Amino acid sequence: MGATSSSGTRGTDLDYTWESKEFHPAYPVNMGFAHIKARSYPVTFTLTVDDVVRKTAVINDKTPIRLPAGYLGDVHVIKLEGTGEVYDIVLATTADELRTV
């Protein structure tokens, strides 16, 4: 990600805020892990479930992060903020499930 002039030289990266559509799982779930893969870091990740922010974290590398336990949700929304290109976002209920994706 970055601005490119007509001469083809790369400019500075631009700030972005991106929000996903609403995800409605077949039954209420608690997502246990998030894995964000990006061209560059940091990326700020926010998970909102049923209109409650459940986790905000600054992601500094491709290591998966643990999400809070203790709730089940019907509507999940992801928000990302940063400057570098994000090319993969995975949410999973367990570490085993994350490894299969």
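A residue is called buried under 20% relative accessible area, exposed over 50%, and partly exposed in between. Keep that scale in mind while moving through this structure, which is a predicted model.

Begin with the whole chain in a cartoon view, where one helix and seven strands can be found, following the pattern β-β-β-β-β-β-β-α when read along the sequence. Of the 101 residues of the chain, 31% count as buried. If you switch on the surface, the chain exposes about 6300 Å², and carbon and sulfur atoms supply 52% of that area.

Next, select Asp50, which sits in the loop that joins β3 (43-49) to β4 (52-59). Asp50 has a relative accessible area of 33%, and because this value falls between the two cut-offs, the residue counts as partly exposed. Now add Glu19, Glu22, Asp51 and Asp74 to the selection, since together with Asp50 these residues gather in a patch of negative charge on the surface.

Then move to Val86, which lies in strand β7 (residues 86-92). Val86 is also partly exposed, because its relative accessibility is 24%. Show the residues around Val86: leaving aside those up to four places away in sequence, Val86 touches Tyr16, Ile36, Lys37, Ala38, Val43 and Leu80. Lys37 deserves a distance label, as Val86 and Lys37 are 49 residues apart in sequence and 6.0 Å apart in space, from C-alpha to C-alpha.

Finally, return to the whole chain with its contacts in mind: among contacts with a separation of 6 or more, 69% are accounted for by residues 24 or more positions apart.

Methods. Residues are numbered from 1 along each chain as its sequence is written. This is a predicted model: local features need pLDDT of at least 70, side-chain atom pairs count only at pLDDT 80 or more; totals for chains, interfaces and linings use all residues. Side-chain values use heavy atoms; hydrogens and water are left out. Patches are made of residues with over 30% relative accessible area and no salt bridge: like charges are joined within 9 Å, nonpolar side chains (Val, Leu, Ile, Met, Phe, Trp, Tyr) within 5 Å. Accessible areas come from the Shrake-Rupley method with a 1.4 Å probe; for residues, only the protein chains shown count as cover. A salt bridge is a side-chain nitrogen of Lys or Arg within 4 Å of a carboxyl oxygen of Asp or Glu. Lys and Arg count as positive and Asp and Glu as negative; His and the chain ends are not counted. The place of a charge is taken as NZ of Lys, CZ of Arg, CG of Asp or CD of Glu. Helices (H or I, at least four residues) and strands (E, at least two) are DSSP runs, numbered from the N terminus. Buried means under 20% relative accessible area, exposed over 50%, partly exposed in between (1.4 Å probe, protein chains only). Contact means heavy atoms within 4.5 Å.
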